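Trainee: I am new to this structure and would like to understand how each label is earned, so could you take me through the reasoning step by step?

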Amino acid sequence: MSHRTSRRTLLTATAAAGAAAAVGAALPAYAGERPGHDRLRRIIARMSIEEKVGQLFVMRVYGHSATAPDQVDIDANMSEIGVHTAAELIAKYHVGGIIYFTWAHNTRDPHQIADLSNGIQRAGLAQPTPVPLIIATDQEHGIVCRVGHPATLFPGAMALGAGRSARDATTVGRIGGAELRAIGIRQNYSPVSDVNVNPANPVIGVRSFGADPAAVARMVAAEVRGYQGAGIAATAKHFPGHGDTSVDSHTGIPVITHTREQWEKLDAPPFRAAIAAGIDSVMTAHIQFPALDPTNDPATLSHPILTGILRGELGFGGVIVTDALGMQGVRDKYGDDRVPVLALKAGADQLLDPPKLDVAWNGVLSAVHSGEITEARLDESILRILELKERRGLFSHPYVSQHEVDRVVGTRPHLAAADAVAERTTTLLVNEGGLLPLSRRRRHDILVVGADPASPSGTTGPPTAVLARALTELGFTATALPTGSLPTQAQIDAATAAARGKDAVVVATYNAGPGGAQSRLVAALGATHVPVIHLAIRNPYDIAHLSGHTASLATYSWTDVELRAAARVLAGRAAPVGRLPVAVPRGDDPTQVLYPIGYGLSY
C-alpha cells in the first residue's frame, strides 16, 4: 500500500476550516475530531519512512518568522542546518517539533511568537502527510526563561522551594502554561525534577526545588498539574537525576556515584511523583550512572535506564525526550550519526536539537534501511508523539490568535499573582541588631552595589538598577553602582568611597566563592561601618564565604519579580517567610552545616 494519499483527501474542509482560514491555511480532515489510536495509526501508515524519521526530531531554527527571517538568521540556518527558514526545514526534514530559543531570535515578543508558531503550523500542515508540530521551549522561570517581558515571569524552582507552597507551584504552571499556550507553545521542558544535594553543582543549582526529595517531589507534582491543566505538556527532567554532580553535561560527562539504594531514596521520588501526576514527557540526562547501568553509557543512550527503569519499573508510558544532542555529555563516546540511533534503541522517542540535523536524520534513516531499527520501532515512538499532540489539542486547534495573546499574556492579574508568589520566597538568613526592616526615617539614603548578570530572557534587569528603583518607589533614596561579578580593586575602592555617608548599603552577590573578589567587596564595605545588607541573587551558598555584613537574604534569582519582592521585604512591606530548601555548608569546612534546610528568620 502506498504511504501517500492525495493532498485533497487530507485537506478536506471541516468545521474547523473557518478558524484555519483566519491564519491562512486549511486543516486536515481529522481536525475537530479526537483522533483515537486507530485514527492516529492511519496517519502514521500514510507517512513515508522519511516523514517518520522526521517526526522524531525536535529542532532549533533561527528567526522570528517561519518564512521571512532576517538575513542574519537565514545565514545561520544555512550554516547549521542547510535551509533558509523554518518552513523549509519542515518541508525538507519533516521534523515533528521546533524548540524556541531567545538566542535564535524566536522570542522577541508575544505577538511575534504567536505569528511564528502559526507559520510553523502552516508549514507542518502543508506536508504530504499533514501533521501539526509540537513547539517546545525551556520556560523554567527564574534563571532559565526563553519568553520574557511582557509575558508573566515567576520565581524559579528553588525560590518556590523556599516558599514551600504547592499551591504556588500549581499557580506558576497554570498561569505560565496558559501564556505559553496562547503563543503557540504546547510543550514546556519543565519542571526540573533533580534533587540538588551538591552545592557545587554547576548546571542545576537554583533550577531545582531543593535538596529534600519529598519536598521536591511535592512541588514537581504540583507544577505538573498546573501546566497540564492549562493544556501544556510538562516535562520532568533530567532522568534519572542530575542533582549530585560537579560537572556540567553541556561541556563534559558527569558521573553520579549514588548506589541503587541512594537513587531510590534521593533521585527517584520526584520522577515517581511526576509520573503519578500524569506527566506527558520525561527528559533524559547526559550522565553516567554506574549503579543503574554498569556499561557507563550516558543515561540518554542507556536501555537499562530508559526502558528497564523508566518504562519498566516506574511504569512511564509517555514521551521520552532526550536532552539536547549537541551537549558534550552525550557526544564523548559516539559519533553524531550514532547518538540518535542509540537513543532510540535505548527507548527515547523525541530526539532534541542535534548539532547537525542532516547527520542525525540520515543516521536514523540508514539504521532503518539496514534493519538496525525496525519501522515498527519508529511507529511506536511516533504514536506516543502523536498522542501527545492530540492530547494537547494540536490536531483540532493548531493555530493561535492575536486576540488570545492580548487576553492572556502578561495581564494585570497574572503579574499580581507573580508578585504575590515572589513575596513568599525571600529568605532572611542574618539580621543583626534588628537592622531589617529598614526605617525610611533612619535609613533613608541607600547605596546599591554588586553583580549585574545578564537577564535570562533578555528583557529584565539590570539587578542593581531594579533594586535601586524598587527601593526608591518604596520611599527611600537609592543609588545604583554596579561592580560586576569580578570587581576590580578600583571598583571596590569606588564602592567603599560611595558608601561613606550613606545610611545603608545593599550588595548583591552572584556565586561568590571563598576569597574571591565579591567576598573582598563585601568585607571592604563592612569596614566602612555603614550597615551592609547582603543579597545572594543566585545560589544561597554565598553567605558561607562572606564577612562584614549586618543582614543577609537569599532571592534565588536576579529577575525583576524576585528583586522587587526582596525590596519589599527590606522595606517591611512584606515579611520574609521563605525557608532554605537546601542546606548551606560552612565555607571553612563543607562537611559541616552552617544553615540547615528549613532555616529562615522573619519579623
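Trainee: What separates Glu264 and Arg260 in helix α11?

Mentor: This is a predicted model. Glu264 and Arg260 both belong to helix α11 (residues 260–276), where they are four residues apart, and that spacing puts about one helical turn between them.

Trainee: What makes the meeting of the side chains of Glu264 and Arg260 a salt bridge?

Mentor: The name requires a side-chain nitrogen of Lys or Arg within 4 Å of a carboxyl oxygen of Asp or Glu. For Glu264 and Arg260 the N to O value is 3.0 Å, and a value of 3.0 Å satisfies that limit, so the term salt bridge applies. The general background is that side chains of opposite charge can pair when their charged atoms come close.

Trainee: Why does Arg260 count as partly exposed?

Mentor: Buried means under 20% relative accessible area and exposed means over 50%, with partly exposed in between. Arg260 has a relative accessibility of 29%, and Glu264 has a relative accessible area of 29%, so each of them falls in the partly exposed range.

Trainee: How do you know that Asp379 forms a salt bridge with Lys52?

Mentor: The closest N and O atoms of Asp379 and Lys52 are 2.9 Å apart, which is within the 4 Å limit, and therefore the pair qualifies. Asp379 sits in helix α15 (residues 375–391) and Lys52 in helix α4 (residues 49–55), so this pair ties together parts that are 327 residues apart in sequence.

Trainee: Which of the terms, buried or partly exposed, fits Lys52, and which fits Asp379?

Mentor: Lys52 has 2% relative accessibility, under the 20% cut-off, so Lys52 counts as buried. Asp379, at 25% relative accessibility, lies between the 20% and 50% cut-offs and is therefore partly exposed.

Trainee: How far apart are the closest N and O atoms of Arg568 and Glu423?

Mentor: They are 2.5 Å apart, and Arg568 forms a salt bridge with Glu423. This pair also links distant parts of the chain, with Arg568 in helix α21 (residues 560–570) and Glu423 in helix α17 (residues 412–423), 145 residues apart. Arg568 has a relative accessible area of 16%, which is under 20%, so Arg568 is buried, whereas Glu423, at 26% relative accessibility, counts as partly exposed.

Trainee: How many salt bridges does the count come to by this rule, and which residues are linked in a network?

Mentor: The count comes to 28 salt bridges. Asp138, Glu140, Arg146, Arg207 and Lys237 are linked by salt bridges in a network.

Trainee: Let us turn to the strands. What makes strand β13 mostly covered?

Mentor: Strand β13 (residues 532–536) has five residues, and five of these five are buried. The covering holds for both faces, since Val532, His534 and Ala536 on one side are buried, as are Ile533 and Leu535 on the other.

Trainee: How do you know that β12 and β13 pair?

Mentor: Pairing needs at least two bridges, and β12 (residues 504–509) and β13 have five bridges in the parallel sense, so the two strands qualify. One of the bridge partners is Leu535 in β13, matched with Ala508. Between these strands comes helix α20 (residues 517–526), and β12, α20 and β13 make a right-handed β-α-β unit.

Trainee: Which strand do four bridges join to β13, and which strand do five bridges join to β12?

Mentor: Four bridges join β13 to strand β14 (residues 551–554), running parallel, with Leu553 in β14 as the bridge partner of Leu535. Five bridges join strand β10 (residues 445–450) to β12, again parallel, and there Gly450 has Ala508 as its bridge partner.

Trainee: What is the order of the six strands in the open sheet, and why do β9 and β11 stand at the edges?

Mentor: The order is β9-β14-β13-β12-β10-β11, with mixed pairing. β9 (427–431) and β11 (477–482) each have a single partner strand, so one side of each is left without a neighbour in the sheet. From one strand to the next the twist averages 20 degrees. Helix α19 (residues 489–499) lies across β10, β11 and β12, and runs at about 170 degrees to β10.

Note on methods. Residues numbered from 1 in each chain as written. Predicted model: local features only at pLDDT ≥ 70, side-chain atom pairs only at ≥ 80, totals over all residues. Heavy atoms only, no water. Buried < 20%, exposed > 50% of the residue type's maximum accessible area, 1.4 Å probe, protein only. Right-handed = clockwise from strand over helix to strand, strands pointing away. Axes fitted to C-alpha atoms, helices over the stretch in contact; angles between N-to-C directions. Contact = heavy atoms within 4.5 Å.
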